[in-house]
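Reader: Got a minute to go through this one with me? Let's pull it up and start with the strands.

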Amino acid sequence: MKIHIATVYNGSSRLASATSDAYSTRVRYYYLVAPLVVVRANEHAFTYHSPSPLTVGTLVRISVGKRLSNGVVLQVIAAKPSFVTKAVGDVLSPQPLPKPLVTLVQWISQYYAAHLATVLQAVLPAGLQKQRRKTLKSALHPIRKRTNIVLNNEQQQALTTINQRPTGTFFVHGVTGSGKTQVYIEAVRDVVLKGKSAIVLVPEIALTPQLVAEFGNHFQNLIVTHSGLTESDRHQLWLKALQNSAEPLVVIGPRSALFMPLAQLGIIVIDECHEPSYKQEQSPRYSALRAASILAKEHGAKLILGSATPSVADYYLAETTASPILRLPKPAAQLKPVSIEIVDLTVRSNFSRHRFISNKLLDAIESALAKKYQILLFHNRRGTAPTTLCEHCGWTAHCPTCFLPLTLHADKHALTCHLCGFSSKVPPNCPECREPTVIFKGIGTKLIETEIARLFPKARVARFDADTNKVDAIHNRYQALYDGEIDIMIGTQMLAKGLDIPRLSLVGVIQADSGLVLPDYTSEERVFQLLYQVIGRAGRGEHAGEVVIQTYQPQHAVVKAAVARDSASFYQSELQHRKAGRFPPFRHLLKLTCRYKTEAGAVHASQKYAAELRKTYPQVEVLGPTPAFHERLGGNYHWQLVIKARRRGDLVTIAQHAPTGWQADLDPASLL
């Protein structure tokens with residue numbers, strides 16, 4: 001789908017410097033160029049001239065006002081304009097961007113109502129104009145035992161369907177351990193043998209090493225990109241992809257890897273496609289799944305979406321379109337059985353040996369360690385304790401700008417806001433009543449780590465969460481995990497996603513239902529996905545697995561469905577709830593958020609805008625205004641409106657005309 005920018009600067013010379021030879025007889029070529037800086041909110045591209053011909057996608061250096069900027073040639077202008085134009089400066093690369101990527105950039109700008117400059121900043125590497133020293137070294141990829149892939153009947157049927165069609169979207173719905181990665185590898189191999197490249201996306205950096213290890217056994221020309229690389233390394237890898245024409249490449253990385261400039265792209269694979277991290281939270285707020293479908297279409301390539309727990313909205317979309325759903329209903333290998341036991345947190349006799357680690361889980365940890373198996377303990381909350389309060393007067397520690405409870409980090413002896421990063425020392429006495437009665441409530445991963453290290457001093461323990469330093473991050477210690485050099489791994493949701501550790505036999509969930517209290521229409525779906533996924537980490541090797549789930553709500557439908565591995569009944573039940581509540585996939589959503597220094601200002605502005613929207617767009621449903629989930633952030637008050645519509649185009653129009661200061665999020669991953 002070819003989309004052109006509508007707001008073109010073509011009627012004024014405000015940005016053009018008049019030159020004496022502006023209308024000389026020398027040959028000139030005229031182009032529409034999009035700078036990588038926002039000049040005006042409603043103008044995306046401007047006319048420039050060049051003494052030599054350029055092609056669409058050429059990266060250039062241009063003058064914008066009194067400053068220089070990088071830019072991308074979007075369009076050739078056949079006729080000489082009636083106004084004076086500036087000259088294009090340096091050409092930054094002899095190789096232009098592939099046309100499908102240029103089309104994708106323009107599509108994202110229009111589909112998500114984002115300024116084109118903002119999209120280009122997200123798509124292109126920083127420092128395009130810089131001359132880099134060639135310091136890029138061959139990466140040492142993690143190593144996994146190489147196995148000859150022998151597909152079972154379900155895998156072979158899925159692969160045959162994928163290989164028989166030259167293009168299209170394929171939804172691979174396979175239970176954990178069903179061998180989805182093996183299907184991806186064989187599908188990529190088929191494309192590479194035909195001389196085309198591949199992009200394989202993972203939901204976050206933590207899973208990159210595992211997929212690299214798998215693909216590295218089968219493909220030589222790998223490009224691995226992620227946010228942990230330096231600016232120079234990312235730029236050089238990007239240039240390698242842009243300038244490559246000899247051999248097909250396989251690019252692996254998180255969301256931004258989608259924008260690698262591959263000229264001949266044959267397939268895109270999105271693993272764990274249900275993960276909300278595929279939706280960018282900052283502008284441009286695009287979905288990698290939607291963007292990948294456009295890029296694949298423009299290249300005439302295939303798109304594979306894979307998950308054991310697909311999102312309700314995406315699965316419904318696949319069912320109601322022509323996209324084949326390729327089901328892998330059983331494990332790829334003859335795995336040992338996995339026993340699952342639920343421990344009721346409300347029954348205190350279950351916790352006679354420790355206040356938050358049940359007797360059952362302690363026994364299971366001791367047994368696994370004795371057999372030299374590995375253990376995963378999952379809890380989706382960082383820090384040591386989420387609440388700090390005074391027993392005497394009731395004072396609680398809150399962030400002064402966000403008004404959120406500060407989390408204790410005992411290793412740093414600090415109270416930290418996980419939203420804005422504010423940090424302060426732990427007070428020895430209550431700041432209000434001066435009594436030495438400050439206590440800490442709740443459980444975080446750091447507290448679990450401390451307690452486990454105390455209870456099992458000989459065990460090698462590692463914590464993986466957003467507070468882990470770069471050196472000890474999971475993507476840097478993956479080989480140690482795989483080789484069994486870590487006995488007990490403790491962490492948040494990054495440990496629940498797709499990890500395949502052969503010696504991992506025991507999974508413990510400290511509190512399974514904590515996410516159910518969140519005020520969002522996706523909260524039950526998210527809890528189901530996390531529980532289903534983390535249960536699937538156990539027993540993937542040659543030994544039996546064990547799962548111990550601690551919960552306050554053992555009879556909750558979501559907990560029971562996850563334990564039973566019953567995604568079909570959960571999907572049908574959740575689909576009915578969404579239909580009754582008029583949420584996706586039955587409505588499109590737009591979240592609008594304003595920010596003001598005072599609460600009164602935020603309330604007045606949001607009430608006024610809500611009334612205006614209801615009057616101007618009677619066909620949409622306006623919810624709110626209400627305080628945002630994080631009402632205070634950075635010293636400002638945030639209030640929001642949620643708009644539901646049958647036609648997404650109505651929401652795009654509203655987003656494009658939102659008042660200054662309002663933040664628009666089309667198709668939000670959540671309403672929090």
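Reader: How many bridges pair strand 11 with strand 12, and in which sense?
Author: This is a predicted model. In it, strand 11 (residues 265-270) pairs with strand 12 over 4 bridges, in the parallel sense.

Reader: Which residue stands opposite L303 from that side?
Author: I268 stands opposite L303.

Reader: And how does strand 7 pair with strand 12?
Author: Strand 7 (residues 168-174) pairs with strand 12 in the parallel sense, over 6 bridges. There, T169 stands opposite L303.

Reader: How many residues of strand 12 are buried?
Author: 6 of the 6 residues in strand 12 (residues 302-307) are buried, so the strand is largely enclosed by the rest of the structure.

Reader: Which residues sit on which side?
Author: K302, I304 and G306 are on one side of strand 12, and L303, L305 and S307 are on the other. Both faces are covered. As for the alternation, side chains in a regular strand point to the two faces of the sheet in turn.

Reader: New topic. What is the strand order in the open sheet of 4 strands?
Author: The order is 26-27-25-28, with antiparallel pairing.

Reader: Which strands stand at the edges?
Author: Strand 26 (621-633) and strand 28 (663-666). Each has a single partner strand, so one side of each is left without a neighbour in the sheet.

Reader: What's the twist?
Author: It averages 20° from one strand to the next.

Reader: How many bridges between strand 26 and strand 27?
Author: Strand 26 and strand 27 (residues 636-645) pair over 7 bridges, in the antiparallel sense. One of the residues involved is L633, whose bridge partner in strand 27 is N636.

Reader: Over to the surface. Which residues make the nonpolar patch?
Author: V517, L518 and F629 make a nonpolar surface patch of about 270 Å².

Reader: Where does L518 lie?
Author: L518 is in the loop between strand 23 (504-509) and helix 12 (523-535). L518 is partly exposed, at 35% relative accessible area.

Reader: Cysteines next. What's the disulfide count?
Author: The count is 0 disulfides.

Reader: Why no bond for C393?
Author: The closest cysteine sulfur is in C430, and it is 3.5 Å from the sulfur of C393, too far for a bond. The cut-off is a pair of sulfur atoms within 2.5 Å.

Reader: Is C393 buried, exposed or partly exposed?
Author: C393 is partly exposed, with a relative accessible area of 38%. C273, by contrast, is buried, at 3%.

Reader: Where is C417 found?
Author: C417 is in the loop between strand 18 (414-416) and strand 19 (423-425). C417 counts as buried, at 2% relative accessibility.

Reader: How far is C417 from T401?
Author: The two are 9.5 Å apart in space, C-alpha to C-alpha, and 16 residues apart in sequence.

Reader: What about the strands around that loop, which sheet are they in?
Author: Strand 18 and strand 19 belong to an open sheet of 3 strands, ordered 17-18-19, with antiparallel pairing. Strand 17 (407-409) and strand 19 stand at the edges, each with a single partner strand, so one side of each is left without a neighbour in the sheet. Neighbouring strands of this sheet are turned by 30° against each other on average, direction ignored.

Reader: How many bridges join strand 18 to strand 19?
Author: 3 bridges, and the two strands run antiparallel. L415 has S424 as its bridge partner in strand 19.

Definitions and conventions: Residues are numbered from 1 along each chain as its sequence is written. This is a predicted model: local features need pLDDT of at least 70, side-chain atom pairs count only at pLDDT 80 or more; totals for chains, interfaces and linings use all residues. Side-chain values use heavy atoms; hydrogens and water are left out. Two strands pair if DSSP finds at least two bridges between them. Axes are lines fitted to C-alpha atoms, for helices over the stretch in contact, and angles run from 0 to 180 degrees between N-to-C directions. Patches are made of residues with over 30% relative accessible area and no salt bridge: like charges are joined within 9 Å, nonpolar side chains (Val, Leu, Ile, Met, Phe, Trp, Tyr) within 5 Å. Accessible areas come from the Shrake-Rupley method with a 1.4 Å probe; for residues, only the protein chains shown count as cover. A salt bridge is a side-chain nitrogen of Lys or Arg within 4 Å of a carboxyl oxygen of Asp or Glu. Buried means under 20% relative accessible area, exposed over 50%, partly exposed in between (1.4 Å probe, protein chains only).
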